[in-house]
Amino acid sequence: MSAQDGPASIDADALLGTRAVEAGVSALAGRNQHHLAAMAPEEQVEAANHWRELAVEVLSAARGALTGAEQVQGAGRAVIVLEDSGGEEVNVHVTFSPQLEEMQDGSIAGTPAQLAAMSLLESITGEPDDHGHGHSHDDEHGGHGHSHD
């Protein structure tokens, strides 16, 4: 058996890349094809965003297991995916782990990485909303899925 016949070696960080995440989303869409076909277009978008969150969460856990990285107490993650959607349009997908917390005063609490991602999103949109950040929450799925179209 040659070295080429064995498993491929990849960089663990590639698990959070667009190709890996979208492959996870495609697998979930395929597995749930019968549900997807019965959904209205806006529900299909919601489902795809939810599946993207799940894929990032699972792939993040796999990355952690492969790298042996210890989870730092209080640490969080924000994964931002920018993808072309045709012409000059860009879709932005964001997943936070753990989920962000909305405070009573309307501000958002999160880890330093998550708050940095929020600032980056503000600079992309240029228009803070009522909560002081420029993107919409997908509250139905725990408040940590975001999308700009």
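**A hairpin, two cores and two salt bridges**

Visitor: Which residue in the turn of the hairpin formed by β1 and β2 has a positive phi?

Guide: This is a predicted model. In it, β1 and β2 make a hairpin, and five residues lie between the two strands. One residue in that turn has a phi of about 110°, and that residue is Gly86.

Visitor: How many bridges join strand β1 to strand β2?

Guide: Strand β1 covers residues 77-84 and strand β2 covers residues 90-97. The two run antiparallel. One example of residues facing each other is Ala78, which stands opposite Phe96 in β2. The number of bridges joining the strands is eight.

Visitor: In what pattern do helices and strands follow each other along the sequence?

Guide: The chain has four helices and five strands. Read along the sequence, they follow the pattern α-α-α-β-β-β-β-α-β.

Visitor: Which element gives the most residues to the largest nonpolar core?

Guide: The largest nonpolar core has 11 residues, among them Leu15, Val21, Val25, Trp51 and Val79. At least two residues of this core come from each of α1 (18-31), α3 (41-67) and β1. With five residues, the element that gives the most is α3.

Visitor: Which four residues does Val25 contact, leaving aside neighbours within four places in sequence?

Guide: Val25 belongs to the largest nonpolar core, and so do Trp51 and Ala55. Both of these are contacts of Val25. The full set of four is Ala48, Trp51, Arg52 and Ala55.

Visitor: How many residues make up the second, separate core?

Guide: This core includes Val94, Ala117, Met118 and Leu121. Its total number of residues is eight.

Visitor: Is Val21 buried or exposed?

Guide: Val21 is found in helix α1. Leaving out residues up to four places away in sequence, Val21 touches Leu15, Leu16, Arg52, Ala55, Val56 and Leu59. Its C-alpha is 9.3 Å from that of Leu54, although the two are 33 residues apart in sequence. The relative accessible area of Val21 is 1%, and the limit for this class is under 20%, so Val21 is buried.

Visitor: How far apart in sequence are the parts tied together by the pair Asp13 and Arg63?

Guide: Side chains of opposite charge can pair when their charged atoms come close. The side chains of Asp13 and Arg63 meet in a salt bridge, with 2.5 Å from N to O. Asp13 lies in the segment before α1 and Arg63 in helix α3, so the separation in sequence is 50 residues.

Visitor: Which of the two, Asp13 or Arg63, is buried?

Guide: The relative accessible area of Asp13 is 42%, so Asp13 counts as partly exposed. For Arg63 the value is 18%, and buried means under 20%. The buried residue is therefore Arg63.

Visitor: With which residue does Glu22 form a salt bridge?

Guide: The closest N and O atoms of this pair are 3.0 Å apart. Glu22 lies in helix α1 and its partner in helix α3, 30 residues apart. The partner is buried, with a relative accessible area of 7%. It is Arg52.

Visitor: Which residues does Ser60 touch, not counting those up to four places away in sequence?

Guide: Ser60 sits in helix α3. At 14% relative accessibility, Ser60 counts as buried. The residues it touches are Leu16 and Arg77.

Visitor: Is Ala65 buried or exposed?

Guide: Ala65 also has its place in helix α3. Ala65 is 53 residues from Ala12 in sequence, and their C-alpha atoms are 9.4 Å apart in space. Its relative accessible area is 63%, and the class in question begins over 50%, so Ala65 is exposed.

Visitor: How much accessible area do Leu82, Val90, Leu120 and Ile124 have together?

Guide: These four residues form a nonpolar patch on the surface. One of them, Leu120, lies in helix α4 (residues 112-125), and at 43% relative accessibility Leu120 counts as partly exposed. Together the four have an accessible area of about 340 Å².

Visitor: What share of the accessible surface of the chain belongs to carbon and sulfur atoms?

Guide: The chain has 149 residues, and 30% of them count as buried. The accessible surface of the chain comes to about 9400 Å². The share belonging to carbon and sulfur atoms is 52%.

How values were computed. Residues numbered from 1 in each chain as written. Predicted model: local features only at pLDDT ≥ 70, side-chain atom pairs only at ≥ 80, totals over all residues. Heavy atoms only, no water. Pairing = 2+ DSSP bridges. Patch = residues over 30% accessible without salt bridge, like charges linked within 9 Å, V, L, I, M, F, W, Y side chains within 5 Å. Areas by Shrake-Rupley, 256 points an atom, 1.4 Å probe, with all protein chains shown as cover. Buried < 20%, exposed > 50% of the residue type's maximum accessible area, 1.4 Å probe, protein only. Core = buried A, V, L, I, M, F, W, Y, C linked by side-chain atoms within 4.5 Å. Contact = heavy atoms within 4.5 Å.
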